[in-house]
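Reader: I have this model open and would love a close look at one part of it, followed by how that part sits in the rest. Could you walk me through it?

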Amino acid sequence: MKKLRLAITGLTACSGCQLTLLNCEAELPQLLEKFEFHYFPLACSPAVLKGRYDAALVEGCLSMPHERQLLLALRSQSQLLIAVGSCAVWGGVAALKNGTDRELLRRQVYGQSRTAVGTFSPQPLQSLVTVDAVINGCPPEKKELIGLMSGLLLGSLPVPNDQPVCSDCRMKENLCLLTERAQLCLGPLTLGGCEARCPSQGVPCEGCRGPVPEANLGEALELFLQKEYGRAIVIERLRRFYPEWKS
Ligand code: SF4
Ligand code: SF4
């Protein structure tokens with residue numbers, strides 16, 4: 001069987017999503033039998049984008065002009081384009097200051113220097129191109145990336161999750177950090193699929209996987225308010241990973 005030809009890369013990102021794939025050490029030998037990692041600058045050099053790809057896996061968001069060119073090239077040269085991780089899907093942590101004046105941010109970070117310009121407010125991939133599938137998470141779970149690769153071999157794409165982290169958490173029979181300990185846990189509003197990784201360690205959910213579809217924000221805010229967390233602090237926390245939450 002012919003290997004599937006992949007392009008894997010990052011835009012404005014921390015490389016955590018790509019590293020999660022590279023950390024699938026047990027599975028990598030089998031993956032290398034089935035896939036050609038033709039363009040994967042983080043792992044292979046030289047990396048030259050050339051020819052057609054069966055799929056492009058893209059981490060990170062858009063914030064620089066050259067990233068637009070790269071993403072357009074990846075889109076036009078790939079049958080499928082998959083947004084991997086919260087930065088690519090929602091804007092993620094890179095976009096957490098999107099609501100703040102950019103000139104003010106620029107002065108705070110670079111002083112009066114005019115050299116560090118040319119960037120723009122971080123945007124998800126789908127602001128520029130059509131995205132065929134998404135993998136949520138910051139970073140995604142290993143099993144989700146392996147599931148994506150297996151699906152590509154079978155010609156299928158991942159089915160989006162629609163359950164909150166609380167569902168995973170209850171399956172694990174965890175003590176609820178929100179109702180029992182009055183901690184600001186964002187599980188009720190956050191997409192599950194992570195097996196409640198943080199609450200299972202006694203750490204409140206930070207919302208890194210983005211919003212659950214059709215989240216009942218009003219009901220959740222009521223619950224948070226009962227624990228003395230007002231709307232403003234909840235929305236501010238939610239925006240760390242998904243800047244589009246409306247206040
Ligand atoms: S989604 Fe998280 S792990 Fe992936 S690039 Fe963005 S910040 Fe890094
Ligand atoms: S600890 Fe958090 S994720 Fe778990 S059930 Fe409570 S609110 Fe939901």
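Reader: Is helix 5 buried or in the open, and what lies around it in the rest of the protein?

Author: Helix 5 covers residues 102–110, and of its 9 residues the number buried is 0, so the helix lies largely in the open. A residue counts as buried here when 20 or more other C-beta atoms lie within 10 Å of its own, and no residue of helix 5 is buried by that count. Just after the helix comes Gly111, with a positive phi of about 70 degrees. Please keep in mind that this is a predicted model.

To place the helix, it helps to step back to the whole chain. The protein has 9 helices and 5 strands, and from the N terminus on they run β-α-α-β-β-α-β-α-α-β-α-α-α-α. The radius of gyration is 19 Å, close to the 18 Å that the globule rule gives for 247 residues, so the protein is as compact as a globular protein of that length. Along the principal axes, the C-alpha atoms fill a box of roughly 55 × 50 × 25 Å. Of the 247 residues, 37% count as buried. Among contacts between residues at least 6 apart in sequence, 74% join residues at least 24 apart.

The chain is divided into domain 1 (4–154) and domain 2 (165–238), and their centres, taken over C-alpha atoms, are separated by 27 Å. Where the two meet, 8 residues of domain 1 are in contact with 6 residues of domain 2. On the domain 1 side, helix 4 gives the most, with 3 residues. That side divides into 3 nonpolar, 3 polar and 2 charged residues.

For a contrast with the open helix 5, turn to the interior. The largest nonpolar core has 55 residues, and those with the most contacts inside it are Ala56, Leu57, Val58, Ile82, Ala83, Val84 and Ala88. Strand 3 gives the most to this core, with 5 residues. The core draws at least three residues from each of domain 1 and domain 2. Leu57 makes a good place to zoom in: leaving out residues up to four places away in sequence, Leu57 touches Leu6, Ile8, Ile82 and Val84.

Now to the two ligands. Around ligand 1 there are 13 residues, the closest being Cys14, Gly16, Gly85, Cys87 and Cys138. The elements that give two or more residues to this shell are helix 1 (16–22) and helix 4 (86–90). Helix 4 is thus a useful landmark, as it also gives the most to the side of domain 1 that touches domain 2. By class, the shell around ligand 1 has 7 nonpolar, 5 polar and 1 charged residues. Ligand 2 is surrounded by 14 residues, and the closest are Cys166, Cys169, Cys176, Cys185 and Gly187. That shell divides into 11 nonpolar, 2 polar and 1 charged.

Cys138 leads on to the backbone. A cis peptide bond joins Cys138 and Pro139, with omega about -5 degrees, and Cys138 is also among the closest residues to ligand 1. Pro139 sits in the loop between strand 5 (133–135) and helix 6 (142–154). Another cis peptide bond joins Ser45 and Pro46, where omega is about -5 degrees. Pro46 belongs to the loop between strand 2 (35–39) and strand 3 (53–59), and strand 3 is the element that gives the most to the 55-residue core.

Gly111 has its positive phi just after helix 5, but two residues that are not glycines have positive phi as well. Glu195 has a phi of about 55 degrees and is found in the loop between helix 7 (165–171) and helix 8 (217–226). With 14 C-beta neighbours inside 10 Å, Glu195 counts as partly exposed. Glu228 has a phi near 70 degrees and lies in the loop between helix 8 and helix 9 (231–238). Glu228 counts as exposed, with 9 C-beta neighbours inside 10 Å.

Back at the part you asked about: helix 5 has 0 buried residues out of 9, and Gly111 follows just after it.

How values were computed:
Residues are numbered from 1 along each chain as its sequence is written. Chains are lettered from A and ligands numbered from 1 in the order in which they are written. This is a predicted model: local features need pLDDT of at least 70, side-chain atom pairs count only at pLDDT 80 or more; totals for chains, interfaces and linings use all residues. A residue is near a molecule or strand if its C-beta atom, placed from the backbone, lies within 6 Å of it. Ala, Val, Leu, Ile, Met, Phe, Trp, Tyr, Cys and Pro count as nonpolar, Asp, Glu, Lys and Arg as charged, and the others, Gly among them, as polar. Helices (H or I, at least four residues) and strands (E, at least two) are DSSP runs, numbered from the N terminus. A residue is buried if 20 or more other C-beta atoms lie within 10 Å of its own, exposed if 12 or fewer, and partly exposed in between; C-beta atoms are placed from the backbone. The radius of gyration is taken over C-alpha atoms; the globule rule is 2.2 Å times the number of residues to the power 0.38. Two residues are in contact if their C-beta atoms, placed from the backbone, lie within 7 Å. Domain bounds come from an automatic or database domain assignment. A nonpolar core is a set of buried Ala, Val, Leu, Ile, Met, Phe, Trp, Tyr and Cys residues joined through C-beta atoms within 7 Å.
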